[in-house]
Amino acid sequence: MKTIAILLFTGLLSFLVTGDVTMNLVKETTIDSLGACQGVSIQHGKALLYGDREVGMIRQFSFDHDTLTYDHKECKLTVNGKNVINHPTGVAYHGNLPVFMGNSVKPAPGEKAWKAMIYCINWAGLWKTGTLDGGNLLKTISDDACIQGTRPEYVEYQHKWYVATADYGNHGNEVRLYDPERLSHCSKTSEPGVLYKKFTCTPWVQNLYWIADKGIIVLIQNQIEGRKWRFTYVDLEKSIQTGQQQVIKVVDVDERADELEGFAFNGKDKGVAVTSSRKKNVNFMDINW
């Protein structure tokens, strides 16, 4: 029995090393009223699509096989009508932990670099009122520890949950892990104790997705700036230990040349990929392990 267990464990390690993962695009659909769709978060069996319409917003959808049906639930990411999270770039949601959203802010006159912001949100309050009014915006945090951009996602490392984020640039990119408790109370991510660990990664990361049962973080990327789809499966623990991404498998979807923005699994072998395009912006995929 011990020998069988060792062989099974060795087989699992072999899978993790060789990364026998394939992803196939099975259906392309168009969903309107999102602006340029920036990502998808699947929570409690619902698909939350977020985009940068006239204001940053989120819409909730139900699954009906390979179709999404609008639930007529929408949140605007505004305070007193002001567009606060105008370009949402990620949702970090896990259990009762603080909820964070990312945002990219255009440079002000005289400034060169985009600003990366993270917002701690009263998630239940947001969905109750439909806006960030009434104290639903708990904290505004400058992600000044980043190199270019922020896209928060919860990951687990050594039995503790952290908020991971990554850069969208052509050099010096990193995946960083922030302590969620410290993050929810800080004003900027460069404050002591907020950044826990980091490792270098490849360019053009649009979003992150955590596969908890496999210890894999998926870098949702473009192959070149703003174009073509790439999914990079990364061993989180080994990447943190070495300080650079440890790639299990890179999957390119070459039949699509538009800008991949987000992806989430819907079950173990199905997923939803979203783009910023006006057409075919929501796409269903089959994943084989």
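Analyst: A strand, in the sense used here, is a DSSP run of E with at least two residues, and strands are numbered from the N terminus. Gln206 sits in one of them, strand S16, which covers residues 205-211. Keep in mind that this model is predicted.

User: Why does Gln206 count as buried?

Analyst: The relative accessibility of Gln206 is 8%. Buried means under 20%, so Gln206 qualifies as buried.

User: And what makes the link between the side chains of Gln206 and Glu259 a polar contact?

Analyst: The distance does: the two side chains come to 2.8 Å, and the cut-off for a pair of N or O atoms is 3.5 Å. Glu259 is also one of the residues in contact with Gln206 when neighbours within four places in sequence are left aside, together with Arg151, Tyr168, Ile220, Gln221, Asn222, Leu260 and Glu261.

User: Let's turn to charges. What makes Lys46 and Asp71 a salt bridge?

Analyst: Their side chains meet at 3.3 Å, N to O. The limit is 4 Å from a Lys or Arg nitrogen to an Asp or Glu carboxyl oxygen, so the pair passes. This pair links distant parts of the chain, with Lys46 in strand S3 (residues 46-52) and Asp71 in strand S5 (residues 68-76), 25 residues apart.

User: Why are Lys46 and Asp71 called partly exposed?

Analyst: Partly exposed lies between under 20% for buried and over 50% for exposed. Lys46 has 28% relative accessibility and Asp71 has 23%, so each falls in that range.

User: How do you know that Asp179 and Lys160 form a salt bridge?

Analyst: The closest N and O atoms of Asp179 and Lys160 are 3.0 Å apart, and the limit is 4 Å. Asp179 belongs to the loop between strand S14 (174-178) and helix H3 (180-183), while Lys160 belongs to strand S13 (residues 160-166), so parts 19 residues apart in sequence are tied together.

User: Are Asp179 and Lys160 buried or partly exposed?

Analyst: Asp179, at 11% relative accessibility, is buried. Lys160, with a relative accessible area of 38%, is partly exposed.

User: What makes Asp286 and Lys270 a salt bridge?

Analyst: Here the closest N and O atoms are 3.1 Å apart, against a limit of 4 Å. How many salt bridges the rule finds is easy to state as well: the count is 14. Beyond single pairs, Glu28, Arg256, Asp258 and Lys280 are joined in a salt-bridge network.

User: Now the rings. Why is the pair of Phe61 and Tyr70 called tilted?

Analyst: There are 13 aromatic pairs in the structure. For Phe61 and Tyr70 the centres are 5.4 Å apart and the planes make 45 degrees. Centres must lie within 6.5 Å to pair, planes under 30 degrees apart are stacked and those over 60 are edge-to-face, so a pair in the remaining range is tilted. Phe61 is buried, with a relative accessible area of 3%, whereas Tyr70, at 23%, is partly exposed.

User: What makes Tyr157 and Tyr196 a tilted pair too?

Analyst: Their centres are 6.3 Å apart and their planes 55 degrees, within the 6.5 Å limit and not over 60 degrees. Tyr157 is in strand S12 (residues 153-157) and Tyr196 in strand S15 (residues 195-200), 39 residues apart, so the pair links distant parts of the chain. Tyr157 counts as buried at 7% relative accessibility, and Tyr196 as partly exposed at 34%.

User: How do you know that Lys214 sits over the ring of Trp289?

Analyst: The charged end of Lys214 is 4.5 Å from the ring centre of Trp289, and the distance limit is 6 Å. Lys197 likewise lies over the face of Tyr196, at 5.5 Å from the ring centre. Trp289 also belongs to a cluster linked by ring pairs, with Tyr209, Trp229, Phe231, Tyr233, Phe263 and Phe265.

User: Which residues have the most contacts inside the largest nonpolar core?

Analyst: Met23, Leu49, Phe231, Tyr233, Phe263 and Met285 do, in a core of 34 residues. A second, separate core has 29 residues, including Val163, Ala164, Leu183 and Phe199.

Key
Residues numbered from 1 in each chain as written. Predicted model: local features only at pLDDT ≥ 70, side-chain atom pairs only at ≥ 80, totals over all residues. Heavy atoms only, no water. Core = buried A, V, L, I, M, F, W, Y, C linked by side-chain atoms within 4.5 Å. Buried < 20%, exposed > 50% of the residue type's maximum accessible area, 1.4 Å probe, protein only. Helix = DSSP H or I, 4+ residues; strand = E, 2+ residues; numbered from the N terminus. Polar contact = N/O pair within 3.5 Å; in protein donor to acceptor, adjacent residues only side chain to side chain. Contact = heavy atoms within 4.5 Å. Phe/Tyr/Trp six-rings, centres within 6.5 Å; stacked < 30°, edge-to-face > 60°. Lys NZ or Arg CZ within 6 Å of the ring centre and 35° of its normal.
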